Every structure is written in C-alpha cells, then in structure tokens.
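Please open the model in your viewer and keep the sequence beside it, so that each selection below can be followed in turn.

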Amino acid sequence: MALNNGKVVAGGLVAGIVINVVGYLVNGMLLADRMKAEADAFKPGMADAMMSSNAITVSVVSNLVMGLLLIYTYAAVRPRLGPGPRTAVTVAFLFWLVASIVAVGFLQSGMMSWSLWWESALFWLITLIIAAVVGGKIYSEEGSPSTV
C-alpha cells in the first residue's frame with residue numbers, strides 16, 4: 001500500500017510541534033539552569049549563544065523536520081510491523097538510539113556531565129514516544145483507519 005503523503009505531513013508536523021513544546025518545557029524550563037551552567041563552564045557565553053533567536057529558529061525547524069522523519073518512518077514500517085502504538089514506540093526508540101549515540105559527542109567534548117546527559121536522554125526518549133504516538137494517530141493509508 002502506498003504512503004499517504006498528506007497524512008505523513010500532517011502527522012509529522014503534529015509530532016514536530018509535540019517535540020518543540022516538550023523540548024521547551026524540558027530544556028527551556030526544567031533543565032535550563034543545569035544546561036546553562038554546564039555549557040558556560042565548558043565555554044563562557046555559550047549558553048547565551050545557544051539561546052539566540054537564530055539558534056532557536058534552527059532548533060524549532062530541526063524539531064519539525066524530526067517530527068516529519070519520525071512519522072515518515074512510522075508510515076514506512078507500519079505495513080511490516082503493523083499499525084498502532086507498539087510500532088510508534090519502536091520507531092521512537094530507534095530515533096532515540098541514533099540521537100543518543102550522536103549526543104555522546106557532548107560527553108566526549110566535556111560540554112555535558114553524565115548525569116545531565118542521562119536526564120536529557122530520558123526526557124528525549126519520552127518526548128519521541130509521545131510525538132510518535134500522537135503523530136501516528138493522525139497517519140493512515142488511503143482507505144484504512146488510523147489505529148494508533
């Protein structure tokens with residue numbers, strides 16, 4: 001069955017919005033002080049640069065693209081793994097695993113402590129699961145109901 005591109009985009013944008021909102025709550029509020037302290041300890045002024053309007057715009061757009069890729073992947077594997085939250089969580093876990101491996105660079109460079117990395121990784125996993133399940137609820141192939 002062919003992908004329903006319109007629903008991939010709709011579900012992906014909703015997933016991207018979820019990622020942005022939860023990311024703001026976690027990174028902009030809950031972990032903000034620790035992230036700022038660790039970024040500035042690594043390089044003074046770095047936290048302010050990371051909060052510039054340009055950096056925030058890039059982050060918001062990147063998160064929307066992440067949401068689109070998340071739901072595109074969900075739609076692509078859905079015929080093999082079946083529709084539903086189990087498949088959405090599987091895709092979210094795959095994305096989390098890849099992102100966590102990439103984020104190890106923050107540890108290696110000294111930009112972040114292990115404890116902050118693990119907290120961020122846990123919140124990122126939860127965020128991706130929520131985004132995949134919510135975005136997956138919107139997706140369905142032509143003529144088939146959404147079953148997430």
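## First selection: α5 and α6

Select P85, A88, V89, A92, F93, F95, W96, A99, S100, A103, V104 and L107 in α5, which meet W114, W117, A121, W124, L125, L128, I129, A132 and V133 in α6, where contact means heavy atoms within 4.5 Å. Coloured by class, the residues of this contact divide into 20 nonpolar, one polar and no charged; here Ala, Val, Leu, Ile, Met, Phe, Trp, Tyr, Cys and Pro count as nonpolar, Asp, Glu, Lys and Arg as charged, and the others, Gly among them, as polar.

This is a predicted model, in which local features need pLDDT of at least 70 and side-chain atom pairs count only at pLDDT 80 or more, while totals for chains, interfaces and linings use all residues. Residues are numbered from 1 along each chain as its sequence is written, and side-chain values use heavy atoms, with hydrogens and water left out.

Now show α5 (residues 85-109) and α6 (residues 114-138) as ribbons: their axes come within 8 Å and cross at roughly 150°, the axes being lines fitted to C-alpha atoms over the stretch in contact, with angles from 0 to 180 degrees between N-to-C directions. The two helices are therefore roughly antiparallel to each other, a term for angles over 145 degrees.

## Second selection: α2 and α6

Keep α6 on screen and add α2, whose axis comes within 11 Å of that of α6 and crosses it at roughly 135°. That makes α2 oblique to α6, the word for angles that are neither under 35 degrees, nor 65 to 115, nor over 145. The side chains to display are R34, M35 and E38 of α2, together with S115, L116, E119 and S120 of α6. By class, this contact has two nonpolar, two polar and three charged residues.

## Third selection: the largest pocket

Which residues lie closest to the centre of the largest pocket? Select N27, M35, M50, S59 and F106, the closest of the 42 residues that line this pocket. The lining has 28 nonpolar, eleven polar and three charged residues, and the elements that give two or more residues to it are α1 (5-30), α2 (32-42), α3 (46-50), α4 (53-81), α5 and α6.

## Last view: the whole chain

Clear the selections and zoom out: the protein has six helices and zero strands, assigned as DSSP runs (H or I, at least four residues, for helices; E, at least two, for strands) numbered from the N terminus. Its C-alpha atoms fill a box of roughly 55 × 30 × 20 Å, taken along the principal axes.

Key. On a 1 Å grid over the protein atoms alone, a cavity is a set of points where a 1.4 Å probe fits but cannot get out, and a pocket is an open set with protein on both sides within 12 Å along at least five of seven lines; lining residues have an atom within 4 Å of a point.
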